[in-house]
Amino acid sequence: MAEEAARLLVRFGRRYAAAVRLATLVPICAVALFRASPEHFAATASMVAVAAVWTCGYVWWLRRGRGDALLAPDVIVLLTLTASVTWTGALEDTNFGWSRLLVTFACVTWQWHTSLPVGAAVALVAGGGAAVIVAMAVPDPSVIRGNLWAVPAAALSRAAWTLLRQAADRADRMAAEAARARAAAQAAAAVRAEERELANALHDTAATTLLMVGTGQVRSDSAWLGPQARRDLDRLRSDSRRTPRPADLVDLLRADLDAAQLSVEFDLPARLPLPAGVAAPIADAAREALTNVRRHSGTTRATVRLRGDSRSLRLDIIDEGKGFSLEDVPGHRRGIRESVRGRMTRIGGTATVVSAEGEGTRVRLEWPAGHD
């Protein structure tokens, strides 16, 4: 997802700000009550109650993502608590540090869920306003400086948060670049797969038909040649076999039997439904194996035997022809290498060819690879 790291950081900032405000509330209130003298305890307790109720409400709204709308009331409440030192007896008890802590933690945590202008503005108003109020009540430079520290603390908090935000932005850019690279690689792989399948289709259809005519294996006026040429063209024009519809492997294996010009003995179940992206490559690989029987074996008979189910299967194409030596197959021949083995490999299966001169040939297609 675009800008995922930045989005998560914003959510973390709100939650962490809420957690810090809530976690510091208890000890700050305890300090205020502990330092209050008995005659000023009730007044101090009333201000502590206001601070507790307001902070809890603000934290609840902040966690819901609506805290920024309450920034102005938050500043007003904090300045009111600071001003309360003039009527709660805090001056006599020197009990005004707790309000300073409330303002300081607020200024620091505001920086984690506001924009830079807003965060700077509320920190200046709250921190500077608290310092002015205290200066009017307690003209002590050390006390005034203590309240002014809220502003540089907010600045340091903003600097740290900015570094985190920049790191999140870099992470998002890197993730986006990686996603683009993956998409480009997938697109290139899809193009290469399409090119391979087109080459396989050309090899299995038009090239094979033309080669048989050119080498004199069939007569150019054979009755089956015209229909076969039309089927070859239809297959090259259509990519419907690569759609993710279910397909019956048995139906695909029995299709276009006249094109094979073989007498095929089938040993198949009644049906074997598979995803079309699996069934079509298996059927195409089997059809290429039958084409090789017709072209090279010296026999016109073959057996096709299918065992298994929709989770794993084994398909054997067997002939009792003259056989061949696998070592003697030229490297540029793509029939076994791409049209059979390549197709099975791309769907997670295997193709095994067992043959020897004078002993016939067996092509075994297994999917998925390595099943029992």
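**Exercise 1. Find which residue of β7 stands opposite S355, then describe how the two strands are arranged.**

*Solution.* Start with S355: its partner across in β7 is T361. Keep in mind that you are looking at a predicted model. Next, place the strands along the chain: β6 covers residues 350-355 and β7 covers residues 361-367. The two run antiparallel and are joined by 6 bridges. Finally, look at the link: β6 and β7 form a hairpin with 5 residues between them. In that turn, G358 has a positive phi of about 85°.

**Exercise 2. Sort the residues of β6 by face, covered or uncovered.**

*Solution.* Take the covered face to begin with: A351, V353 and S355 belong there. The uncovered face holds T350, T352 and V354. Now return to S355: this residue of the covered face is also the one opposite T361.

**Exercise 3. Work out how many cavities of 30 Å³ or more the structure has, and what lines the largest cavity.**

*Solution.* Begin with the count: searching the whole structure gives 1 cavity of 30 Å³ or more. Then take the volume: the largest cavity holds about 30 Å³ of space. Now list its lining, made up of R21, T24, T55, L101, L102 and F105. Sorted by class, these are 3 nonpolar, 2 polar and 1 charged residues.

Last, turn to the helices. Both α1 (4-35) and α5 (97-110) supply at least two lining residues each. Which element gives the most to the lining? That is α5, with 3 residues.

Technical notes:
Residues are numbered from 1 along each chain as its sequence is written. This is a predicted model: local features need pLDDT of at least 70, side-chain atom pairs count only at pLDDT 80 or more; totals for chains, interfaces and linings use all residues. Side-chain values use heavy atoms; hydrogens and water are left out. On a 1 Å grid over the protein atoms alone, a cavity is a set of points where a 1.4 Å probe fits but cannot get out, and a pocket is an open set with protein on both sides within 12 Å along at least five of seven lines; lining residues have an atom within 4 Å of a point. Grid points are joined across faces, edges and corners, and a volume is the space filled by probe spheres set on the points. Helices (H or I, at least four residues) and strands (E, at least two) are DSSP runs, numbered from the N terminus. Ala, Val, Leu, Ile, Met, Phe, Trp, Tyr, Cys and Pro count as nonpolar, Asp, Glu, Lys and Arg as charged, and the others, Gly among them, as polar. Buried means under 20% relative accessible area, exposed over 50%, partly exposed in between (1.4 Å probe, protein chains only). Two strands pair if DSSP finds at least two bridges between them.
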